[in-house]
Amino acid sequence: MKKIIFLIPFSLLIFSCNKNIEKKENSNLLSIAEKTDSTNIKTIFNSALTEGKSYEWLRDLTKNVGGRLSGSPEAQKAVEWGEKLMKEVGLDSVWLQPVMVPHWVRGEKEVATYTTNGNQKNVPICALGFSVATPNSGVLAKVIEVKSLEEAKALGNKMEGKIVFFNRPFDDTLINTFRAYGGCVDQRVRGAAICGEFGAKGVIVRSMTNSIDDYPHTGTMSYGDLPIEKHIPTAAISSKAANILSDDLKVNPNLKFYFKQSCKTLPDAPSFNVVGEIKGEKTPENIFVVGGHLDSWDLGEGAHDDGTGIVQSLEVAYLFKKNNIKPKNTIRIVFFMNEENGTRGAKKYAELATLNKENHIGGLESDAGGHTPRGFSIDANSVNTELLQSWKKLLSPYGLHDLDKGGSGADISPLKGENVTLVGYRPDSQRYFDYHHTSRDTFDKVNKRELVLGSASMASIVYLMDKYLYSDSPVKL
Ligand SMILES: [Zn+2]
């Protein structure tokens, strides 16, 4: 018995040694003979999770540059930061693309208050981007609450001299919170243009969020064609304040709301898109763009919107270089300027691409926050949509299940064309509108693993698209 007991482990030891040698030889053979896509994708993920740089890059951008609204000194600092970092990553070429951008400034911190039943209530408020200021003494007026632009239009001249309060909340039953945002944001963008026409004194809007809290959410607005003398001040109030005001109006419909803001639009300012690329090995004339936007709103640090998209885009190039992946086509990383209030950077990029007769085969944009990866939305012709969807089995082990048709993003969509395959990175959206355009959009809200998993997801789809899109024999997997 003793002998047998001794022999078994010994033979197992020999067997396992042999097996290890065999395994090593096999894996060497495999890596020389055939690096499969799934192996390469696994390598990309391993590399991002153990050697990823995006989290530290994001810390630097959010803490040392901070909020960076177009035209501001911080936006210029972000341009210099981006150019330096692209060079450090070792892209083949890096350059700045000049573009004139709108220059709106918030001025002093806004104030809002009203009194009801003898109680004075201070309201968390922030001016909307492009809004005019109130008079120095502020605006004081009765409030009419509405739920939609149509309801406001129907009021007509009844709103003269009043403050119109848009209070349609997010539809909380929508799983994709971007759909809820899309269902409400017309109030913020067009409310003041409609109410200015009918002589309202001002417009306040419920913040764009699922959350009920004390943080006002800024964002862009437009007066459209309204003559300048009809421009009225407009601001967002927090969702919690919106609920309280709505309740108070039911009890006291004659209460007067006061707000004061000193924002203004200055002349356009010079700025830049930051561009860098890895030259393609086989068809360098074909360009695949990967990007996000460098500008952000001024209230927070521009972490989820869109610092995460910026650092993930650059990490795609970093992961390609680190793992010696040589793209067939040119991979161009673009930090777009002015997505938040004008998309001038995106328009300039597309204009120059046409002017220089560049051949863009596709693009990927990350501008939906830095949360856990869920997939990509595809804006492409039916053949390429099907091709991308056929990669689901390669991507789903990483939680990338969503490969539906849909929009890509504001910065790359001007490149749209029948043979241009555009893709939007889609992380989980449940918490995005807790932070979006608020003072809470800060570095501490970003999770390192979620962020780098996003970089790896993006690098993986770029790897597949570079390899199979428009090749002579696109392979469905
Ligand atoms: Zn954004």
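The following legends describe close-up views of a predicted model.

**View 1. Donors of the zinc ion.** The zinc ion is held by protein donors from His-293 (NE2), Asp-305 (OD) and Asp-367, the last listed with two OD entries, at 1.9 to 2.8 Å. Along the chain, these donors follow the spacing H-x11-D-x61-D. His-293 belongs to strand S11 (residues 283–293) and Asp-305 to helix H9 (residues 303–322), 12 residues apart. Both His-293 and Asp-305 are buried.

**View 2. Geometry of the zinc site.** The angles among the four donor atoms run from 51 to 149 degrees, and the site is irregular. The site does not count as tetrahedral because that would require all angles to lie between 85 and 135 degrees.

**View 3. A salt bridge within helix H3.** The side chains of Arg-59 and Glu-56 form a salt bridge with an N to O distance of 2.9 Å. The two residues stand three apart in helix H3 (residues 54–65), about one helical turn. Arg-59 is partly exposed at 36% relative accessibility, and Glu-56 is partly exposed at 43%.

**View 4. A salt bridge between two loops.** Arg-106 and Asp-298 meet through their side chains at 2.6 Å, N to O. Arg-106 lies in the loop between strands S1 and S2, and Asp-298 in the loop between S11 and H9, 192 residues apart. Arg-106 is buried, at 9% relative accessibility, whereas Asp-298 is partly exposed at 28%.

**View 5. A salt bridge from a loop to helix H8.** Asp-214 and Lys-240 form a salt bridge at 3.9 Å, N to O. Asp-214 lies in the loop between strands S7 and S8 and Lys-240 in helix H8 (residues 239–251), so the pair ties together parts 26 residues apart in sequence.

Note on methods: Residues numbered from 1 in each chain as written. Predicted model: local features only at pLDDT ≥ 70, side-chain atom pairs only at ≥ 80, totals over all residues. Heavy atoms only, no water. Donors = N, O, S within 2.8 Å, 3.2 Å for Na, K, Ca; no water. Tetrahedral: all angles 85-135°; square planar, octahedral: opposite > 155°, others 65-115°. Helix = DSSP H or I, 4+ residues; strand = E, 2+ residues; numbered from the N terminus. Buried < 20%, exposed > 50% of the residue type's maximum accessible area, 1.4 Å probe, protein only. Salt bridge = Lys/Arg side-chain N within 4 Å of Asp/Glu carboxyl O.
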